[in-house]
Amino acid sequence: MIYLGAHLSSSKGFYKMGRAAMAIGANTFQFFTRNPRGAKAKQLDLADVEQYLEFAKEHGIAQILAHAPYTLNACAKDCDLRRFAYETMCDDLKRLAHIPGAMYNFHPGSHVKQGAQAGISYICDLLNRMNEQGHETTILLETMAGKGTEIGRSFEELRAVIDQVEDSRRLGVCLDTCHVFDGGYDIVNDLDAVLKEFDQAIGIKRLMAIHLNDSKNPLGSHKDRHEKIGEGEIGLAAFVSIVTHPKLRQLPFYLETPNDLDGYQREIALLREKAEHEEA
Ligand code: FE
Ligand code: FE
Ligand code: ZN
């Protein structure tokens, strides 16, 4: 059984997300921990969380993924912006302590011409300080498209981050299919080679989640423009190979395609049908 879900709006709380996930045929979901543009998160409604946890258990919803606001930059030039990223992420972790098993994904950041080395040091500093605060949540670094000065454009850059974190036991990677394709990794023609490269650079055990997005642009474009599944340069066949791959199929998959809930529902049904056909 594949864990397959989509990015859902968190504005109405966890229970509503659980219901929405079930309604579209999903058994997991991703959500923003807060409005990416707004700074302050609403106070966590513990009754809502409790209701959600019960619902999730009853309906087999698991492996959910919290996504940090993409506006945060852990390696900004301005120390106030770096502090803001740190404080926001610490606050997110405190909230996530109430949701057992949820993982926390973030964009490593953009070094804004300070150089990748400096950027990586700032990111590691933030992760080390978060670890000192103590938390149980697994934190995922997302593979990035390499737009502008984004850190995480290559597996080696993520490896460099992991290497400099003192306690990396709760650190993993979320692979975004659009982003790695944008980064020049040919998951269409040579998925096995890409996974081998991931394994050699990072270790396949660190791979803990997948963002399923087609790409509006060809291999190596560094543009980060998501497309609906099967309507972009990656194509449906590659997604079927990904969700059925022996090294990947046990991971949770999240759609971040340009869709409303109906569109997500269609993509989930399509992927499930193709995957079953493939595995039969
Ligand atoms: Fe992301
Ligand atoms: Fe993503
Ligand atoms: Zn993206």
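This is a short tour of two spots in the structure: an iron site and a pair of crossing helices. Keep in mind that you're looking at a predicted model.

**Stop 1: the iron site**

Select the iron ion (ligand 1) and show the side chains around it. Which protein residues act as its donors? You'll find His67 and His107, each using its NE2 atom, plus Glu142 with OE. These donors sit 2.1 to 2.3 Å from the iron ion (ligand 1). Along the sequence, the pattern of the donor residues reads H-x39-H-x34-E.

Now colour by secondary structure and click on the two histidines. His67 is in strand S3 (residues 65-67), while His107 is in the loop between strand S4 (103-106) and helix H4 (116-133), so the pair ties together parts that are 40 residues apart in sequence.

Stay on His67 and turn on the surface. Is His67 buried or exposed? His67 has a relative accessible area of 3%, so it counts as buried, the cut-off being under 20%.

Next, add the iron ion (ligand 2) to your selection. Glu142 bridges ligand 1 and ligand 2, and these two iron ions lie 3.3 Å apart.

**Stop 2: two crossing helices**

Select helix H8 (residues 236-244) and helix H9 (residues 261-279). Their axes come within 9 Å and cross at roughly 65°, so H8 and H9 are roughly perpendicular to each other. The crossing is right-handed.

Finally, show the side chains where they meet. H8 brings Leu236, Phe239, Val240, Val243 and Thr244 to the contact. From H9 come Leu270, Leu271, Lys274, Ala275, Glu278 and Glu279. Colour these contact residues by type, and you get 7 nonpolar, 1 polar and 3 charged.

Technical notes
Residues are numbered from 1 along each chain as its sequence is written. Chains are lettered from A and ligands numbered from 1 in the order in which they are written. This is a predicted model: local features need pLDDT of at least 70, side-chain atom pairs count only at pLDDT 80 or more; totals for chains, interfaces and linings use all residues. Side-chain values use heavy atoms; hydrogens and water are left out. Donors are N, O and S atoms within 2.8 Å of the metal (3.2 Å for Na, K and Ca); water is not among the atoms, so sites may look incomplete. Helices (H or I, at least four residues) and strands (E, at least two) are DSSP runs, numbered from the N terminus. Buried means under 20% relative accessible area, exposed over 50%, partly exposed in between (1.4 Å probe, protein chains only). Axes are lines fitted to C-alpha atoms, for helices over the stretch in contact, and angles run from 0 to 180 degrees between N-to-C directions. Angles under 35 degrees count as roughly parallel, over 145 as roughly antiparallel, 65 to 115 as roughly perpendicular and the rest as oblique. A crossing is left-handed if the near helix is turned anticlockwise from the far one by less than a right angle, and right-handed if clockwise. Contact means heavy atoms within 4.5 Å. Ala, Val, Leu, Ile, Met, Phe, Trp, Tyr, Cys and Pro count as nonpolar, Asp, Glu, Lys and Arg as charged, and the others, Gly among them, as polar.
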